Amino acid sequence: MTDTGPNSGPLFVSSGDLVSDRRYKAAVDLAARGDFGAAADVLMQTVETAPGFATAWFALGAIRDRLGDRDGAVAAFREASRADPDDYHGARLQLARLGAGAGAPAMTEPYVRRLFDQYAGRYDAALTEHLHYRGPALLRDAVKSALEALGRPMRSESLLDLGCGTGLAGQVFRPFAARLVGVDLSAAMVARAEAKGDYDRLVVGNLAAFLSDEIAKDAKYDLVVAADVFVYVSDLAPVLAAIARVLVPRGIAAFTVETHSGAGVTLLPTLRFAHGESYLREVIIGAGLKLVTLEKATIRTEKGLPVDGLLAIATCEH
């Protein structure tokens, strides 16, 4: 997510060599002034003397891409990926975007954590003021409608907010939850959520590990929500299966995704994932959940235009 989200470019990681670091910063200054050709030349000199400098390789890939040199960008992003096996900078995603790697590679934990740690301070304002983000409110209204149709009140004894971020969904659902639990990979985002005081329990950790621990403890929730979270998860089958195991019988899972007209999962130019409608139906059923609602929804805007999304509500029948 630049002005459209948290993806504001590579975070500087030193090469360990003072001269190379200075060259890199000089190249960044040149690029900031619009002299991309000179910036690329300086970065080439930098990586020649520091071939394991992942940040410089990534910046070179980004500049070559901007200059229209796809092959050169691919070569640089491949070197960045080799030098950065944890994909802290997101080189694998850039390769996928350029059609030179796996079509929808999983985002690594270091990449996602870095992405949101650096974005936490401006997250709420960016989403609500600039992107017109409506995910939590849409989920609340959809859950309420689904419960009314089932003859049940809008009340949750134990609600789990997956990928809680700064607590935007928690604020919306708090009046209806006796107990509110949130989990997010970013410590900086969780700190923002904690300051708001809406959650009874907050955990810093990845979704898969958290859900696995909850399953081991036989923890149960009657409502699990994930607002604008699964756009950072390529394969939804494991997480939906885990959600099904922490839901009480007749419990509800509610989440939003971005979508596309095709099948399966695709990586968007924004470096977020879009999930096809048929794919969603398949993984929801495969997780042992019963689909209640799957409707089109505009969760946010992108450069002033509505982003195609889907809102899903499913119940646990076991």
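Which residue takes a positive phi just after H11? In this predicted model, the residue in that position is aspartate 218, with a phi of about 60 degrees. The helix that precedes aspartate 218, H11, spans residues 207-216, and at its N-terminal end asparagine 206 acts as a cap, with a side-chain oxygen placed 3.1 Å from the backbone nitrogen of alanine 208.

Within H11, the residues Leu207, Phe210, Leu211, Glu214 and Ile215 are buried. Because these residues cover an arc of only 135 degrees around the axis, they fall on the same side of H11, whereas Ala208 and Ala216, on the other side of the helix, are exposed. The elements that cover the buried residues of H11 include the strands S1 (159-162), S2 (180-184), S3 (201-204) and S4 (221-226), together with helix H12 (237-246).

A second region of interest is strand S9, which comprises residues 305-316. Nine of its twelve residues are buried, so S9 is largely enclosed by the rest of the structure. Strand S9 pairs in the antiparallel sense with strand S5 (residues 247-258) over seven bridges, and here phenylalanine 255 has alanine 312 of S9 as its bridge partner. Strand S9 also pairs in the antiparallel sense with strand S8 (residues 289-302), in this case over eleven bridges, and alanine 297 has its bridge partner in glycine 309 of S9. The strands S8 and S9 form a hairpin with two residues between them, and in the turn lysine 303 has a positive phi of about 55 degrees. In a regular strand the side chains alternate between the two faces of the sheet.

Elsewhere in the chain, glutamate 148 belongs to helix H8, which covers residues 135-149. Its relative accessibility is 51%, and since exposed means over 50%, glutamate 148 counts as exposed. The C-alpha atom of glutamate 148 is separated by 62 Å from that of arginine 22, and the two residues are 126 residues apart along the chain.

As regards confidence, the protein averages a pLDDT of 91, and 96% of the residues score at least 70. Over residues 1-9, by contrast, pLDDT stays under 50, although the model has 35 contacts beyond four places in sequence for these residues. Where pLDDT is low, the predicted coordinates should not be read in detail.

Terms used
Residues numbered from 1 in each chain as written. Predicted model: local features only at pLDDT ≥ 70, side-chain atom pairs only at ≥ 80, totals over all residues. Heavy atoms only, no water. Buried < 20%, exposed > 50% of the residue type's maximum accessible area, 1.4 Å probe, protein only. Helix = DSSP H or I, 4+ residues; strand = E, 2+ residues; numbered from the N terminus. Pairing = 2+ DSSP bridges. pLDDT = per-residue confidence, 0-100. Contact = heavy atoms within 4.5 Å. Arc of directions from axis to C-beta. Polar contact = N/O pair within 3.5 Å; in protein donor to acceptor, adjacent residues only side chain to side chain.
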